[in-house]
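Biologist: Show me how to read a ligand site and the chain around it. Where do we start?

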Amino acid sequence: MTFKSLGLIEALLKAVRLQGYETPSPIQQKAIPPILEGLDVLASAQTGTGKTAGFTLPMLQILSKNSVLHRRPLRALVLTPTRELADQVYNNVKHYSKFLDLRSAVIFGGVNQNPQIKHLRNGVDILVATPGRLIDLENQGHLSLSKVEIFVLDEADRMLDMGFKRDIDKIRSLIPSKRQNLMFSATFSREIKSLAQTILQRPTVVEATPENTTVEAIAQQIYRVAKEKKTNLLIKLIQDGNWKQVLVFTRTKHGANKLCKKLESARIFAMAIHGNKSQSARTRALSGFKNHEVRVLVATDIAARGLDIPLLPHVVNYELPNIPEDYVHRIGRTGRAGANGVALSLVCAEETSYLASIEKLTKQRFKKEIIDGFEPDPNASTLPPKQGGGRHQRRGGVRPTNKRSGFASGASRSSYNRRR
Ligand code: AMP
């Protein structure tokens, strides 16, 4: 299968060649033909599957075929849940449209709106946006959505998690009812299905990889540890293993900040990326991490969503997510593009039920290891941690149980020291 055989025009093939892609990824093979036919598409795909090119390439082809109007009304709208994802999609659009006469822009909140307004004033064919800023600028009369032909909803599940349902409904009311709709989501909960019904018309459904199966290239290790020993264990792992680029997940923003400080005091350069950080702080952290200046990036699930960091060797779950699907997203950040990766989880007693839910969802039973000097606390409660200020919404069907999992029976002394 080649990009050419999918029916893409030369200007796009050239741009794809420039990116160095040789063959289309599975989601691209499945999504590009129906989109080119003008059909609505509902796609199950997460970051790392090549989904962005999967919708961007055919979208650009359709737009380039219709004659460019002098005043360039907005003809394609891509909605994303986060600023980072918006920026990434925009960069993709720019790369792939390099040899086409199409203009694009990106808008998101948290930064001055004036440069964005100025950009829009020149006329753009494609707009990538987060919902809040889009509605703001529409309200102020800086853009019109009345000529939108293609509407893309990227990471729809995360949109709902972040409470954007009302914004999506509002935006839907501003675009013409006759249009092509593309919706991408990593998971398919009842809410996602009902959202799809309100947006898509007789969609072609495509899937990238079977949902909720974890990538084989990723080695998954579970360390049982006492809660208060987690930080020191993480420091030991980073230092002993001489890890250079580690993505660490915490459940809360506060937890991310706290961990960063502790890593810093151990002279491990770390930065946090989460919703309370300013846009410039997030961009700085991400680019520092990508170019290896920042050794550890500590992230919450929402902030990490959609970040495009290729070839990550180590992902650590400092805390397990309370939504089991997030585990699959998190570890999907390693072992990408054919590289081997290691996903490590530090699990304390109160995360027992989260681990059980993850095992149930991913249909696997992990070997639980213990590292000498970092033993779990045998007296700690196995009740799940209190939910303070975090997300409460739950996707999908699996709920954590309060039952004791196979912790006690499943654990083995670590072969960690021997293995190294
Ligand atoms: P995405 O899932 O869209 O975030 O893409 C993940 C990564 O895969 C990005 O770095 C893309 O540049 C890259 N990518 C997309 N399509 C291909 C392809 N056909 N071959 C190789 N890499 C690709």
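Modeller: Start with the shell: three nonpolar, eight polar and three charged residues stand around the ligand. Ala, Val, Leu, Ile, Met, Phe, Trp, Tyr, Cys and Pro count as nonpolar, Asp, Glu, Lys and Arg as charged, and the others, Gly among them, as polar. The model is predicted: local features need pLDDT of at least 70, side-chain atom pairs 80 or more, while totals for chains, interfaces and linings use all residues. Residues are numbered from 1 along each chain as its sequence is written, and side-chain values use heavy atoms, without hydrogens and water.

Biologist: Which residues are the closest to the ligand?

Modeller: A residue is near when one of its heavy atoms lies within 4 Å. Here 14 residues surround the ligand, the closest being Y21, Q28, G48, G50 and T52.

Biologist: What polar atoms of Y21, Q28 and T23 meet the ligand?

Modeller: A polar contact pairs N or O atoms within 3.5 Å. Y21 places a polar side-chain atom 2.3 Å from a ligand oxygen. Q28 also uses its side chain, with a polar atom 2.8 Å from a ligand nitrogen. T23 uses a polar backbone atom, 2.9 Å from a nitrogen of the ligand.

Biologist: How much of the ligand's accessible area does the protein cover?

Modeller: Areas come from the Shrake-Rupley method with a 1.4 Å probe. Alone, the ligand has 500 Å² of accessible area, and the protein covers 75% of it.

Biologist: What percentage of residues in the protein chain is buried?

Modeller: Buried means under 20% relative accessible area (1.4 Å probe, protein chains only). Of the 420 residues in the chain, 56% are buried.

Methods
Polar contact = N/O pair within 3.5 Å; in protein donor to acceptor, adjacent residues only side chain to side chain. Buried < 20%, exposed > 50% of the residue type's maximum accessible area, 1.4 Å probe, protein only.
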